[in-house]
Amino acid sequence: MPLKKDYEDIPGTFIFDADKGREGYQLNQFCISLRLQKNRDTFGENEEAYLDNYKMTAEQRQAVLDRDWNRLLELGGNIYYTSKLAAYDGINFQQLAGLMTGMGNDAYRAMMVAGGRSPEGNRYQSEWDEKGDE
Amino acid sequence: MARITAGVGCSHVPAIGVAMDQGITEQPYWEPVFEGFEKSREWMKEQKADVVFLVYNDHCTVFDASCIPTFALGCAPEFAPADEGWGPRPVPVVKNHQVLASHIAQSLILDEFDITIMNEMEVDHGLTVPMSVMFGDKTVDDEWPCLVVPLCVNVVQYPAPTGNRCYNLGKAIRRAVESFDEDLNVVIFGTGGMSHQLQYKRAGLINKEWDTKFLDRLTSDPVGLSQTPHVEYLREAGSEGVEMVMWHVMRGALDDDVEEVHRHYHVPASNTAVGHIILENVKDQGKAK
Ligand SMILES: [Fe+2]
C-alpha cells in the first residue's frame with residue numbers, strides 16, 4: 001500500500017518527497033553543479049552542451065533553458081537546487097519568489113515588509129479553488 | 001565532565017549573512033533584525049562556551065541528491081564555508097573539537113542513533129549565519145571564539161526526521177556530552193525557520209501566531225511541541241518551516257526546567273520570519289559565568 005500523502009492539499013506548494021526526488025534527480029544534480037565557479041564558467045560558454053552531461057527529460061531541459069522557475073518545480077526540481085540556477089543568473093531568493101508568485105519583485109517585497117502572506121485562506125487547496133486561484 | 005548548560009534557537013536566513021558581509025546591517029530594513037541579537041552577543045560572551053554543538057541543515061550545497069543522510073555529524077578537523085553559488089562567505093573556517101565529536105559519534109550509535117560520520121565537509125549559511133549573528137562580524141583572518149561540533153539534518157527531502165526523534169536525539173547528545181571526561185561548557189544551537197515558504201505560488205507565507213506559540217511552548221510544553229506532525233509545519237509555517245524540527249534537538253538536550261532569558265522575533269528577513277530564543281538550564285544558571 002502506498003504511503004498516504006496528507007500534504008497534497010496545501011495550495012501553491014510542492015512537497016519535495018521521494019517521488020519528486022526521483023523525478024527531479026538529474027535536473028537537481030545539474031542545478032547543484034553550478035555551485036562551483038568552474039562549472040558556472042563551462043555552463044556559461046555553452047548551456048546546451050553543458051546540459052548534455054545530465055540525462056534529464058526534454059521538458060526539464062527546456063524549462064532550464066527558458067528559466068521557467070515554476071515549471072522546474074512542477075518537473076521535480078527543488079527550490080534549493082533551482083536557486084543555484086537563479087544565483088547563476090544573479091537572482092536571489094526574494095527575487096525568485098517575486099517571479100514564482102507572479103507578483104514581481106516590488107509587490108512581493110512590499111508584501112513581506114507588511115508581514116508576509118497570511119495563512120488565512122492559504123491553508124487548503126479548496127480555499128484557493130473557491131477564490132478561483134489555481 | 002562536559003556539560004550542556006544552555007540552548008539557542010535561531011533562524012539562519014542566508015540574506016542575514018549577506019547583509020553582514022556587505023556591512024548594511026544599519027539600513028532601516030535590517031536594523032530591526034540585528035537589534036535583537038545585540039543582547040545575545042553579550043550573553044554569548046558571558047557563557048565562555050568552549051564548544052557550540054550546532055544543529056543545522058545543508059541547503060543542497062554540500063550534500064547533493066546522490067546521498068541524503070538524515071543525521072550527519074561533522075567529525076573533520078575543520079569546516080570551510082562553502083560556495084553556494086555566489087562565492088563562499090568571507091567568514092572564518094569553523095574548527096571542530098574533533099575528539100569530542102568522535103566520542104559523540106560513538107556514543108550516539110551505541111545509543112541507537114545511527115548517525116552518518118562526516119570526515120570531510122564544508123558548511124553553508126545554515127551553520128555560518130547563526131555563528132555570525134551570535135558572535136558578530138568576523139573576517140576570514142579572524143577565528144571564531146569557540147570550537148563547533150556540527151550536526152547536519154536532512155530537512156530538504158521529505159520526510160525530515162520527526163520532532164519526536166529530534167527531541168530524543170537531543171537527549172542522546174546530552175548523554176554523550178556528559179560522558180566525556182574533559183571539563184567543557186557546551187552550548188547547543190538549534191537553527192532554521194521560523195515560518196517561511198520559498199517556493200511556488202504560496203511563497204512568502206508567514207504565520208506569526210503559530211511561531212509565537214512555538215516559542216512559548218519550548219519552555220512550557222517541549223514534549224507536547226515535539227509531537228507536532230510534519231503536515232502542520234508545512235501547512236501552517238510554510239514548506240520550508242519544517243526546518244524547525246531541528247529546534248527540538250536543542251530542546252531535548254536541555255533540562256526539563258529551563259528559563260527563557262531572551263527572545264527576538266521579526267518579519268521579514270527576505271522571505272522569512274526571524275525567530276531567536278535563549279534558554280538556560282535553571283540549575284546551571286550562573287555557574288559558567
Ligand atoms: Fe534553512
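In this predicted model, chain B and chain A bury about 4,200 Å² between them, and carbon and sulfur atoms give 57% of that area. The size of an interface is often given as the accessible area lost when the parts come together, and that is the kind of figure quoted here. On the chain B side, Tyr200(B), Lys201(B) and Arg235(B) lose the most area to chain A, together making up 19% of what that side buries. Counted by residues, the interface brings 44 residues of chain B into contact with 52 residues of chain A.

Tyr200(B) deserves a second look. Besides being one of the residues that lose the most area to chain A, Tyr200(B) has a positive phi of about 60°, although it is not a glycine. Most residues other than glycine have a negative phi, and most peptide bonds are trans. Tyr200(B) sits in the loop between S8 and H6 of chain B. With a relative accessible area of 10%, Tyr200(B) counts as buried because the cut-off for that label is under 20%. The loop holding Met194(B) also runs between strand S8 (185-191) and helix H6 (208-220) of chain B, and the peptide bond from Gly193(B) to Met194(B) is cis, with omega near 0°.

Now to the partner. Chain A is built from 10 helices and 0 strands, so reading along its sequence gives nothing but α, in the pattern α-α-α-α-α-α-α-α-α-α. Its C-alpha atoms fill a box of roughly 45 × 45 × 20 Å along the principal axes. Chain A has 134 residues, and 49% of them count as buried. If only contacts between residues at least 6 apart in sequence are taken, 47% of those in chain A join residues at least 24 apart. The exposed area of chain A comes to about 6,800 Å², with carbon and sulfur atoms supplying 49% of it. As for charge, chain A carries 16 positive and 23 negative side chains, and the centres of the two sets lie 7 Å apart.

Back in chain B, there is an iron ion to account for. The iron ion is coordinated by NE2 of His12(B), NE2 of His59(B) and OE of Glu243(B), at 1.8 to 2.0 Å. Written along the chain, the donors follow the spacing H-x46-H-x183-E. The two histidines tie together distant parts of the chain: His12(B) is in the loop between strand S1 (3-10) and helix H1 (14-21), while His59(B) is in the loop between strand S2 (51-56) and strand S3 (71-74), 47 residues apart. His12(B) is buried, at 2% relative accessibility, and His59(B) is buried too, at 2%.

Cys60(B) is in the loop between S2 and S3 of chain B. The phi of Cys60(B) is near 55°, a positive value in a residue other than glycine. Cys60(B) has a relative accessible area of 3%, which means that it counts as buried.

A cis peptide bond is also found from Tyr158(B) to Pro159(B), where omega is near -5°. Pro159(B) belongs to the loop between strand S7 (147-153) and helix H5 (163-178) of chain B.

Two further spots in chain B, Val94(B) and Pro90(B), round out the picture. Val94(B) is part of strand S5 (residues 94-95) and is buried, with a relative accessible area of 1%. Setting aside residues up to four places away in sequence, Val94(B) touches Pro77(B), Glu78(B), Phe79(B), Leu127(B), Trp144(B) and Val148(B). The C-alpha atoms of Val94(B) and Val140(B) are separated by 10 Å, and these residues are 46 apart along the chain.

Val140(B) turns up again among the contacts of Pro90(B): leaving aside neighbours within four places in sequence, Pro90(B) is in contact with Asp21(B), Lys138(B), Thr139(B) and Val140(B). Pro90(B) lies in the loop between strand S4 (78-79) and S5 of chain B. Its relative accessibility is 41%, so Pro90(B) counts as partly exposed. The C-alpha atoms of Pro90(B) and Leu279(B), 189 residues apart along the chain, are separated by 29 Å.

Conventions. Residues are numbered from 1 along each chain as its sequence is written. Chains are lettered from A and ligands numbered from 1 in the order in which they are written. This is a predicted model: local features need pLDDT of at least 70, side-chain atom pairs count only at pLDDT 80 or more; totals for chains, interfaces and linings use all residues. Side-chain values use heavy atoms; hydrogens and water are left out. Helices (H or I, at least four residues) and strands (E, at least two) are DSSP runs, numbered from the N terminus. Buried means under 20% relative accessible area, exposed over 50%, partly exposed in between (1.4 Å probe, protein chains only). Contact means heavy atoms within 4.5 Å. Accessible areas come from the Shrake-Rupley method with a 1.4 Å probe; for residues, only the protein chains shown count as cover. Lys and Arg count as positive and Asp and Glu as negative; His and the chain ends are not counted. The place of a charge is taken as NZ of Lys, CZ of Arg, CG of Asp or CD of Glu. Donors are N, O and S atoms within 2.8 Å of the metal (3.2 Å for Na, K and Ca); water is not among the atoms, so sites may look incomplete. Buried area is the accessible area (1.4 Å probe) that two parts lose on being put together, summed over both.
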